[in-house]
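Here are a few short exercises to work through with the coordinates open. Try each task before you read its solution.

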Amino acid sequence: MCHKTLRILLAFLPLFFLIQPLEAQIAMPGEGNSKAGLGAKTQPTKPNEYMIGGITISGNRFLDEDLLMAVTGLTIGQKLRLPGDEGIARAIKNLWKQDLFSDVRVSITKVLGDKVFLDIHIEERPRLSKYNFRGIKKNEAQELKDKVGLVKSKVVTEATKRDAVSRIRKFFVDKGFGQTKVTVRERPDTTVANSVILTFDIAKGNKTKINQINIDGNTVATDSRLKRTFSATKEMPRLTLHRADAESIYPTDKITLSDYAKSLGFLSITKTIETLDPYFRFKGIFSSSKFNDQKYQDDKQNLIDYYNSLGYRDASIVDDTVYNISNGNINIDLTVKEGHRYYFGDIKWRGNTKYPDSTLADMLGIKKGDVYNQELLNKRLGVQPSPDGGDVSSLYMDDGYLFFRIEPRETSIIGDTINFEMAITEGPQATIKNVTIAGNNRTNEHVIRRELRTLPGNKFSRSDLIRTNREIANLGFFDQEKIGMQPIPHPEDGTVDIAYNVVEKSSDQLQLSAGFGGGIRFYGNIGIMFNNFSLRNILRPKTWDPLPMGDGQKFSINYQSNGSYYNSFNFSFTEPWLGGKKPNALTTGLTYSRFSGNMADPNSSYLRMLGGNVSISRRLKWPDDNFVFTMGVDYRNYMLKAYPNLLPNFTDGNSNDLSLRMVIARYSVDQPLYPRNGSNISLTMSFTPPVSSFSSKDYKDANPTDKYKWIEYHKYRFTAEWYKNITGKFVLKLATKYGFLGYYNPDIGYSPFGRFQLGGDGLSGQSYFIGRDIISQRGYEIYASNATIFNKYTAEIRYPFSLSPTSTIYGLVFFDAANAWGTFKDYNPFKLNRDAGVGVRLFLPMFGLLGLDYGIGFDRFDRSTGNTSFKDISKFTFMLGFEPD
């Protein structure tokens, strides 16, 4: 028995040595205790070449068997040489590369002659069923879900978890939590097969703030000036100072706050500080001092750029250290090497044939001996294109030279002087070939095409491209932040295609409000404005979406009521391209208003107005094509019945107001909702016919009913608004408004209608008084209602919180100065009522503009009347649907 058993073992011994090296050769390392290799259940009868007779896949739960077979690269009929065949090793490697398995094993299930049958056994990694966060707020967890990159049912690997932890930490580091620690726990989900739940434990710690920035090596620029170049890396405000440090600055142990404020750059503060410890430092209280490494790297470059702008082109930061201090915050130590100051030398031009050297030199605006400034050089050359143009690249590219290139080369440096050669490649002029538009799902294509300045067959012009972007944005139908313009050049034939892409947004507005109380009973307002209306489709219901839209016409209707006390109805329609070939706009409107003078019996005293208007506008080509001229005719009929609020001697009768209106306007604002650059200037002139000049009647002692039967006046309104992006997202708005009402016949005097009302918010009280131009002023109640002349000046600094098409939100601080006078004799442009405050604006597509301001009327302060507190001289101002004048 022993001999027989020995003979069997000796017979299989060669095959045993054959299989063992094979398994060792192709084994693949797994994670944890997993293994991979080739096992044998049935030994082959021949030790050399075999053919695969069959392949089975085992262990798979979710993955398709045919797909796995394809990944291995093994096929039935394929020949293998055992041991040592690379085909099986390659199959296992291919499976591991998918990062889907925790174990891969190839086994021989049986051997029949020269055929070998294989089984590929896999163990799939678990999949993610859900994940959650611990240690953070609910809103932070919600925001993290969009950033962590985890997807349910996705295979969970160590790399997946490491990536999620890295994203979470970056999220909080960017918010200033530099010491954030994240750990991840994995546990099986017993409700879902082969699935796990990930829990991320997050310890944010305190915000890492910058305690102090120390700069060494600077002699040209002060520490404070260099620190101002840091846009995001700011020191935390220091609220206290040790007495020893304070006494090293101030020789006495008492100091007035006024002197201290002056030392910080403030003009004057009268309060006195009795001791030096503590004392307050005002600089930086409203600035963020959290540390963000990426922004810190950017700010270091800003510092170098500042030195470069001063001519120190070799300036560098030779050492910087960021280190923790005892309270968990950090200090930053910087050492700069300023180097030498350089100047521009000779500037020569090469390769230019279109324009002479003198023209290019004038456009560059840099002369020999000017302080070297790399940023200025790039700006003047157009290396960094500006929408305002005025650089060398714009000069060429506005004349079709799309393929234009310019490279400034430093030819020599002699002492502190750098000589340049401007190498120009002009290339051929490019002609526009195809212009495509995509994304306009509601707006008809012809509405966009008629605004284009880039037409097929025209020479390419960068300024035309920028102007087209502005025109499309000002339509108001598209998300102004997502208007895409992509020139696609074809150098082989000297043409360029231009692809425009727009994203539609809702541009219609609904006004709906109601209330009760305040002594005026029920009041309500309902109105709707369609800014992209289509009159031609009004009888084609199949084209409605959900109403006839897409032709760029404007249609609005509005009704307001306080019951029988006040009623108003307005209707208007505008066709912006009358005839469809030129931007000639036709506008027509109807209006009705009735205002009672007696709430107890509204029908016993009232003023009723019924009117209409029609106008046509035309875009001008001179002085430039931003100008528009409008001419229109306005008619209003006024009926008074025992109405006491207009003029003391004019309470009953009918008046007719027929006027010719002319408007000259220039509009160059880049975007309608949140303008960053541009201006909006208009001069409106209205003239009634001088009816009294054609009559022999004596109007000096005439009855007011006869005197005002046909209203006479000449009226002027001037409005100018300028917008400028001053830094980052901050925008400065400056505005001025003037109004003047004159008369023809001194015996008739000023018209009782068309005068100016100043103060209030344009919404409350009697701000909707019929027959007045309403000029609001924040911080004041209505203080002039019969003025014939007014001035108003406004300055605002705006900052956007959201520029989403679904909700545009921005905050502002403002300063106003205004006044109104009854006659030109009383006019004093230096006597103005001033106010300042803060506000917020919210634009919702369906509701238009919503706004809230808090203004302080400085000139309401009056000790004689007791108006001495903020409550007495301040006022909230609310606006709905429009921005008051």
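**Exercise 1.** In which loop is Asn218 found? Once you have the loop, classify Asn218 as buried or exposed and list its polar partners.

*Solution.* Keep in mind that this is a predicted model.
- Step 1: Asn218 sits in the loop that runs between strand 9 (210–216) and helix 6 (223–227).
- Step 2: The cut-off for buried is under 20% relative accessible area. Asn218 comes out at 16%, so it counts as buried.
- Step 3: Now the side chain. One of its polar atoms lies 2.8 Å from the backbone oxygen of Ala221. The side chain of Asn218 also makes a polar contact of 2.8 Å with the side chain of Asp223.
- Step 4: Leaving out residues up to four places away in sequence, Asn218 touches Asp223, Leu226, Tyr307, Val336 and Glu338.

**Exercise 2.** Check whether the length of helix 3 (residues 86–97) fits 1.5 Å a residue, then pick out its buried residues.

*Solution.*
- Step 1: Helix 3 has 12 residues, and the expected span uses one less than that number, times 1.5 Å. That gives an expected 16 Å.
- Step 2: The end C-alpha atoms of helix 3 are 16 Å apart, so the two values agree.
- Step 3: Buried in helix 3 are Gly87, Ile88, Ala89, Ala91, Ile92, Leu95 and Trp96. When you look at the spacing of such a list, remember that an α-helix has 3.6 residues a turn, so residues three or four places apart point the same way.
- Step 4: Step just past helix 3 and you meet Asp99, with a positive phi of about 60 degrees.

**Exercise 3.** Find which strands supply at least two residues each to the nonpolar surface patch, and classify Val813.

*Solution.*
- Step 1: The patch covers about 980 Å², and its members include Ile726, Phe730, Tyr799, Val813 and Phe878.
- Step 2: Strand 34 (789–804), strand 36 (833–844) and strand 38 (874–880) each give at least two residues. Strand 34 gives the most, with three.
- Step 3: Val813 belongs to strand 35 (residues 807–821). Its relative accessible area is 41%, so Val813 is partly exposed.

**Exercise 4.** Sum up the whole protein: its secondary structure, burial, contacts and surface.

*Solution.*
- Step 1: Count 16 helices and 38 strands.
- Step 2: Of the 885 residues, 44% are buried.
- Step 3: Take contacts between residues at least 6 apart in sequence; 60% of these join residues at least 24 apart.
- Step 4: The exposed area is about 46100 Å², with carbon and sulfur atoms supplying 55%.

Methods: Residues are numbered from 1 along each chain as its sequence is written. This is a predicted model: local features need pLDDT of at least 70, side-chain atom pairs count only at pLDDT 80 or more; totals for chains, interfaces and linings use all residues. Side-chain values use heavy atoms; hydrogens and water are left out. Helices (H or I, at least four residues) and strands (E, at least two) are DSSP runs, numbered from the N terminus. Buried means under 20% relative accessible area, exposed over 50%, partly exposed in between (1.4 Å probe, protein chains only). Contact means heavy atoms within 4.5 Å. Accessible areas come from the Shrake-Rupley method with a 1.4 Å probe; for residues, only the protein chains shown count as cover. Patches are made of residues with over 30% relative accessible area and no salt bridge: like charges are joined within 9 Å, nonpolar side chains (Val, Leu, Ile, Met, Phe, Trp, Tyr) within 5 Å. A salt bridge is a side-chain nitrogen of Lys or Arg within 4 Å of a carboxyl oxygen of Asp or Glu. A polar contact is a pair of N or O atoms within 3.5 Å; within protein, one must be able to donate a hydrogen and the other to accept it, and residues adjacent in sequence count only if both atoms are side-chain atoms.
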